[in-house]
Amino acid sequence: APTIRKFFAGGVCRTNMQLPGKVVVITGANTGIGKETARELARRGARVYIACRDVLKGESAASEIRADAKNSQVLVRKLDLSDTKSIRAFAEGFLAEEKQLHILINNAGVMMCPYSKTADGFETHLGVNHLGHFLLTHLLLEQLKKSAPARVVNLSSVVHHAGKIRFHDLQGEKYYNRGFAYCHSKLANVLFTRELAKRLQGTGVTTYAVHPGVVRSELVRHSFLLCLLWQLFSPFLKSAREGAQTSLHCALAEGLEPLSGKYFSDCRRTCVSPKARNNKTAERLWTVSCELLGIQWE
Ligand SMILES: NC(=O)c1ccc[n+]([C@@H]2O[C@H](COP(=O)([O-])OP(=O)(O)OC[C@H]3O[C@@H](n4cnc5c(N)ncnc54)[C@H](O)[C@@H]3O)[C@@H](O)[C@H]2O)c1
């Protein structure tokens, strides 16, 4: 068991980088991997914005982090990625109160929920995991560029290997399987990272996709079977703190800039699926995402 445990727990962010004066936004940071990522960045002195749906839950996480990290600069702001109005309101508020943004961590996610639609009529996995973060990044990008060097970290998953971008049925209206819907959205995260890196060349803003490992968290809440499996294998799964290590590595490690657009697991660059290396799909997904959101992003 200890050997299996070690295998699952791999990868530690080793940089000592401190972050006084740096500003960080993390989505869905009131629980799980995002909360532990926020805690570590607060410990290093950053001003950390916890962007979450439920401000009360966010406040309870923030007060725990403030005490633990001895950093009063942990702030909570409302963000619901399943509603573009909420995303725009968050961005507007943030840009009004902050002049800089050094690290954006697109961490929030939903997994295996029954077929449902966001406020804007997008299938929920695609809408929250991909389109929501796509729009958020778009709205915050000028701020990131002004603050360069800056980084965008996108939480994907190893299950992107099972994902496909089915442009004829992007939102599962013809065929919906909630497991695959999650995989497709996680593939979209890798393709977004790839295309974003291309477009950001020379700006000083770099971007990385992350598989955090198999982590004990509330993510599996929509699947009885996964809840059971997670319980059963719980001793072998990563803790949320261990799961935060690769996000932290991509946000902080020195000299990572030449690897912008790449995918990381256990704090190391890792291979992506052949579908995730397809530049044509990445470009088309970008265009279609802009069309769905009604934005222009050259
Ligand atoms: N846990 C794992 O094993 C695992 C494996 C691979 C990838 N991931 C990815 O890691 C990320 C973090 O997951 P986690 O394991 O910490 O799960 P989690 O459920 O603890 O955290 C996800 C967070 O996203 C938030 N969220 C969901 N919908 C939202 C919305 N509409 N608007 C704003 N916030 C929303 C939730 O409230 C929660 O705080 C996710 O993107 C997930 O896909 C997790």
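Leaving aside neighbours within four places in sequence, which residues is Ser147 in contact with? They are Gln100, Leu101 and His102. This is a predicted model. Its eight strands form an open sheet with mixed pairing. A ligand has 30 residues around it. Strand E6 and helix H9 are each largely enclosed by the rest of the structure.

**The sheet and its edges**

- The strand order is E3-E2-E1-E4-E5-E6-E7-E8.
- Strand E3 (74-78) and strand E8 (268-269) stand at the edges. Each has a single partner strand, so one side of each is left without a neighbour in the sheet.
- Strands of a sheet pair through backbone hydrogen bonds, either parallel or antiparallel.
- Strand E2 (residues 47-52) runs parallel to E3, and five bridges join the two.
- Ala51 stands opposite Arg77 in E3.
- Helix H3 (residues 55-69) lies across E2 and E3. Helix H3 runs at about 170 degrees to E3.

**Strands E5 and E6**

- Strand E5 (residues 150-155) pairs with E6 in the parallel sense. Six bridges link E5 and E6.
- Leu155 stands opposite Val210 in E6.
- Why is strand E6 (residues 205-211) largely enclosed by the rest of the structure? Seven of its seven residues are buried.
- Val205, Thr207, Ala209 and His211 point one way from E6. Thr206, Tyr208 and Val210 point the other way. All of these residues are buried.

**Helix H9**

- Eight of the eight residues of helix H9 (residues 245-252) are buried, so H9 is largely enclosed by the rest of the structure.
- The buried residues are Gln245, Thr246, Ser247, Leu248, His249, Cys250, Ala251 and Leu252.
- What do these buried residues pack against? Their helix partners are H2 (32-43) and H8 (240-243). Their strand partners are E4 (103-106), E5, E6 and E7 (263-265).

**The ligand site**

- Of the 30 residues around the ligand, Thr31, Asn107, Tyr182, Val215 and Ser217 come nearest.
- A polar side-chain atom of Asn30 lies 3.0 Å from an oxygen atom of the ligand.
- Asp80 has a polar side-chain atom 3.0 Å from a nitrogen atom of the ligand.
- Leu219 takes part through its backbone: a polar backbone atom is 3.3 Å from an oxygen atom of the ligand.
- Taken alone, the ligand exposes 820 Å². The protein buries 96% of that.

**Ser147 and Leu144**

- Ser147 lies in the loop between helix H5 (124-146) and E5.
- Is Ser147 buried or exposed? Its relative accessibility is 4%, so Ser147 counts as buried; the cut-off is under 20%.
- A polar atom of the Ser147 side chain lies 2.6 Å from the backbone oxygen of Gln143.
- Leu144 is found in helix H5. At 0% relative accessibility, Leu144 counts as buried.
- Not counting residues up to four places away in sequence, Leu144 touches Leu101, His102, Leu104, Ala150, Arg151, Val152 and Val205.
- Leu101 and His102 thus recur: Ser147 is in contact with them, and Leu144 touches them.
- Leu144 and Ala181 are 37 residues apart in sequence. In space they are 30 Å apart, C-alpha to C-alpha.

Technical notes. Residues numbered from 1 in each chain as written. Predicted model: local features only at pLDDT ≥ 70, side-chain atom pairs only at ≥ 80, totals over all residues. Heavy atoms only, no water. Pairing = 2+ DSSP bridges. Helix = DSSP H or I, 4+ residues; strand = E, 2+ residues; numbered from the N terminus. Contact = heavy atoms within 4.5 Å. Axes fitted to C-alpha atoms, helices over the stretch in contact; angles between N-to-C directions. Near = heavy atom within 4 Å. Polar contact = N/O pair within 3.5 Å; in protein donor to acceptor, adjacent residues only side chain to side chain. Areas by Shrake-Rupley, 256 points an atom, 1.4 Å probe, with all protein chains shown as cover. Buried < 20%, exposed > 50% of the residue type's maximum accessible area, 1.4 Å probe, protein only.
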